[in-house]
Amino acid sequence: MLSKHNNIIVMVEGALCIALAIVLSKINLFTMPQGGSVDFELVPLMIFAYRRGLKKGIFAGALFGILLILLGGYVLNIFQAILDYPLAFACAGLVAIKPKILGFLLAACGQISCSIVSGAYFFAQYAPEGQNTWAYSFFYNAPVLGVKYLVSFIVSLILWRALEKSLPVR
C-alpha cells in the first residue's frame, strides 16, 4: 500500500512540475527570430529529476515536450517534432546523473545536439546563402540553449538546496 501511495505522490509531483514548466515556457527573457528562447521552463524539470532520479526525470521531460506540441508547438513532420520536443526535453532529466556538473553538461549537450540536428535538416532554408547548414544550426542554437541551461541550472541548484532541507525524498 505504501508503494502505491508513493507512486501517486511522484505522479502528482511530476504533473505539477510539468505544469509549472509549461507556465514558465510562456515567460521569455529573450526570443530568437526563428524560434528558441531563454526562459525558466527547465527549472521545475531539473528539480523533479534531482528529487526523483534519471528515469522519472527523462519521462517528465519527454511528456513536457509532447504537451508543448499539443499546445501549439511548431511541427514540420514527425521526425522534427520528436527531435525538437520529447527527445530534446527528455535530456533535461539527465541532470539527475551525479555529479551534478556532469549531469548538467550531458543534459545541455543532449538538448543542444537535438536542436542542431533538427536545425540542420529541417530549418536549413534559414542559413545564409553558401553557409554550411550544420555551422549555421550550431551557431544559432548552441549559444541560446547554452545560456538557457546555465541560467536554469544555477536557479534549480539554488532552489534544490532550499527544497532539500524542507522536502525530503520519500
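## Helix H2 and its burial

A residue counts as buried when its relative accessible area is under 20%. Arg 51 has 11% relative accessibility and therefore counts as buried. This description rests on a predicted model. Arg 51 belongs to helix H2, which covers residues 42-52. The side chain of Arg 51 forms a polar contact of 2.6 Å with the side chain of Glu 13.

The burial of Arg 51 fits the rest of the helix, since 11 of the 11 residues of H2 are buried. Among them are the nonpolar side chains Leu 42, Val 43, Leu 45, Met 46, Ile 47 and Phe 48, but the list also takes in Pro 44, Ala 49, Tyr 50 and the arginines Arg 51 and Arg 52. Just after H2, Gly 53 adopts a positive phi of about 100°. Most residues other than glycine have a negative phi.

## H2 against H3

Two packed helices are described by the angle between their axes and the distance between the axes. For H2 and helix H3 (residues 54-70), the axes come within 7 Å and cross at roughly 155°. Angles over 145 degrees count as roughly antiparallel, and H2 and H3 are therefore roughly antiparallel to each other. Their crossing is right-handed.

On the H2 side, the contact is made by Leu 45, Phe 48, Ala 49 and Arg 52. H3 contributes Leu 54, Lys 56, Gly 57, Ala 60, Gly 61 and Phe 64. Sorted by class, the residues of this contact are 6 nonpolar, 2 polar and 2 charged.

Lys 55 is also a residue of H3. With 74% relative accessibility, Lys 55 counts as exposed. Its C-alpha atom is separated by 15 Å from that of Glu 13, a residue 42 positions apart from Lys 55 along the chain. Glu 13 is the residue whose side chain makes the polar contact with Arg 51.

## H2 against H6

H2 also packs on helix H6, with axes that come within 9 Å and cross at roughly 50°. That angle makes H2 oblique to H6. The crossing is right-handed.

From H2, the residues in this contact are Leu 42, Val 43, Met 46, Ile 47, Tyr 50 and Arg 51. The H6 side consists of Lys 148, Tyr 149, Ser 152, Phe 153, Val 155, Ser 156, Leu 157, Leu 159, Trp 160 and Leu 163. By class, 12 residues are nonpolar, 2 are polar and 2 are charged.

## Ser 156 in H6

Ser 156 sits in H6, which spans residues 133-166. At 0% relative accessibility, Ser 156 counts as buried. Leaving aside residues up to four places away in sequence, Ser 156 touches Val 43, Met 46, Ile 47 and Tyr 50. These four residues also appear among the H2 residues that meet H6.

A polar atom of the Ser 156 side chain lies 3.0 Å from the backbone oxygen of Phe 153. Phe 153 is itself one of the H6 residues in the contact with H2.

## H3 against H4

H3 packs against helix H4 at an angle of about 145°, and the two axes are 5 Å apart. This crossing, too, is right-handed. H3 brings Ile 58, Gly 61, Ala 62, Phe 64, Gly 65, Ile 66, Leu 68 and Ile 69 to the contact, and H4 brings Ala 81, Tyr 85, Pro 86, Phe 89 and Ala 90. The class count is 11 nonpolar, 2 polar and no charged residues.

Gly 61 and Phe 64 of H3 appear in this contact with H4 and also in the contact with H2.

## The loops on either side of H4

Tyr 74 lies in the loop between H3 and H4 (78-90). Its relative accessibility is 48%, so Tyr 74 counts as partly exposed. Not counting residues up to four places away in sequence, Tyr 74 touches Gln 80, Tyr 85 and Phe 123. The C-alpha atoms of Tyr 74 and Tyr 85 are separated by 9.5 Å, with the two residues 11 apart along the chain. Tyr 85 is also one of the H4 residues that meet H3.

The loop between H4 and helix H5 (100-122) contains Pro 99. The peptide bond joining Lys 98 and Pro 99 is cis, with omega of about -5°. Most peptide bonds are trans.

Methods. Residues are numbered from 1 along each chain as its sequence is written. This is a predicted model: local features need pLDDT of at least 70, side-chain atom pairs count only at pLDDT 80 or more; totals for chains, interfaces and linings use all residues. Side-chain values use heavy atoms; hydrogens and water are left out. Axes are lines fitted to C-alpha atoms, for helices over the stretch in contact, and angles run from 0 to 180 degrees between N-to-C directions. Helices (H or I, at least four residues) and strands (E, at least two) are DSSP runs, numbered from the N terminus. Angles under 35 degrees count as roughly parallel, over 145 as roughly antiparallel, 65 to 115 as roughly perpendicular and the rest as oblique. A crossing is left-handed if the near helix is turned anticlockwise from the far one by less than a right angle, and right-handed if clockwise. Contact means heavy atoms within 4.5 Å. Buried means under 20% relative accessible area, exposed over 50%, partly exposed in between (1.4 Å probe, protein chains only). A polar contact is a pair of N or O atoms within 3.5 Å; within protein, one must be able to donate a hydrogen and the other to accept it, and residues adjacent in sequence count only if both atoms are side-chain atoms.
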